[in-house]
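I opened this entry to work through the strand pairing and the helix packing, and I keep my notes in the order in which I looked things up.

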Amino acid sequence: MSVRIKPSSPAGQFLMAHGVAESVLNAATLRVLNWQTGDAVTAMLPFGKAAIFVKSKYLQPDANGNLPIDRKLPLLRHELFHVQQGFDWGFVVYWVRQLWARIRYMSITAPNSPVETPAYDAQRAVHAAMDQRGIPR
Ligand SMILES: [Zn+2]
């Protein structure tokens, strides 16, 4: 199964209100992958596309194919931040920086690396906004 977050959908509007560019939403295809270490991994692809692989619990679209506004969106905000990095840096530099962070920090997730900390900041900001709106954890 693959899902695209349409900019006009409620989740798309929510994510755009929290810093995701429409071009990033249009570039990213979400696919289920359940065997990776973390809950998600973003693969920048050539020609301005991206594949976000997430555990199946993150891809539960409604009957219209839209993702609900719930506590799964902060993780997607994190991954979409990486897609923006891919746009900003270009395909090759994105992969070099991501791989170097894993090597330098000797961690597959490298949460304290310069490539990951702003993505976690964006993820936390969406959680905080959901706290304010009373969206259950
Ligand atoms: Zn990340």
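Which residue in β4 stands opposite threonine 42? I looked this up before anything else, bearing in mind that I am reading a predicted model, and found that the residue facing threonine 42 is isoleucine 52 of β4.

**Strand pairing.** I then followed β3 as a whole: the strand covers residues 40–45 and runs antiparallel to β4, to which six bridges join it. One further pair that I noted on this side places valine 41 opposite phenylalanine 53 of β4. The two strands form a hairpin with three residues between them, and in the turn I noted phenylalanine 47, whose phi is positive at about 65°.

Turning to β2, I found that this strand, residues 28–32, is parallel to β4, residues 49–54, and that five bridges connect the two. Here arginine 31 is opposite phenylalanine 53, while valine 32 is opposite valine 54. I therefore wrote phenylalanine 53 down twice, since this residue of β4 has arginine 31 opposite in one pairing and valine 41 opposite in the other.**Sheet order.** I went on to the sheet, which is open and has four strands in the order β1-β2-β4-β3, with mixed pairing. Which strands stand at the edges? They are β1, residues 2–3, and β3, and because each has a single partner strand, one side of each is left without a neighbour in the sheet. As a general reminder to myself, strands of a sheet pair through backbone hydrogen bonds, in either a parallel or an antiparallel manner.

**Helix packing.** I next looked up where α3 lies relative to the sheet, and found that this helix lies across β2, β3 and β4 and runs at about 25° to β3. For its packing with a helix, I recorded that α3, residues 73–89, and α4, residues 91–104, have axes 6 Å apart and meet at an angle of about 125°, which means that α3 is oblique to α4. The crossing in which α3 passes α4 is right-handed. On the α3 side I listed Gln85, Gly86 and Trp89 as making the contact, and on the α4 side Phe91, Val93, Tyr94 and Arg97. Sorted by class, the residues in this contact of α3 with α4 are four nonpolar, two polar and one charged.

Technical notes. Residues are numbered from 1 along each chain as its sequence is written. This is a predicted model: local features need pLDDT of at least 70, side-chain atom pairs count only at pLDDT 80 or more; totals for chains, interfaces and linings use all residues. Two strands pair if DSSP finds at least two bridges between them. Axes are lines fitted to C-alpha atoms, for helices over the stretch in contact, and angles run from 0 to 180 degrees between N-to-C directions. Angles under 35 degrees count as roughly parallel, over 145 as roughly antiparallel, 65 to 115 as roughly perpendicular and the rest as oblique. A crossing is left-handed if the near helix is turned anticlockwise from the far one by less than a right angle, and right-handed if clockwise. Two residues are in contact if their C-beta atoms, placed from the backbone, lie within 7 Å. Ala, Val, Leu, Ile, Met, Phe, Trp, Tyr, Cys and Pro count as nonpolar, Asp, Glu, Lys and Arg as charged, and the others, Gly among them, as polar.
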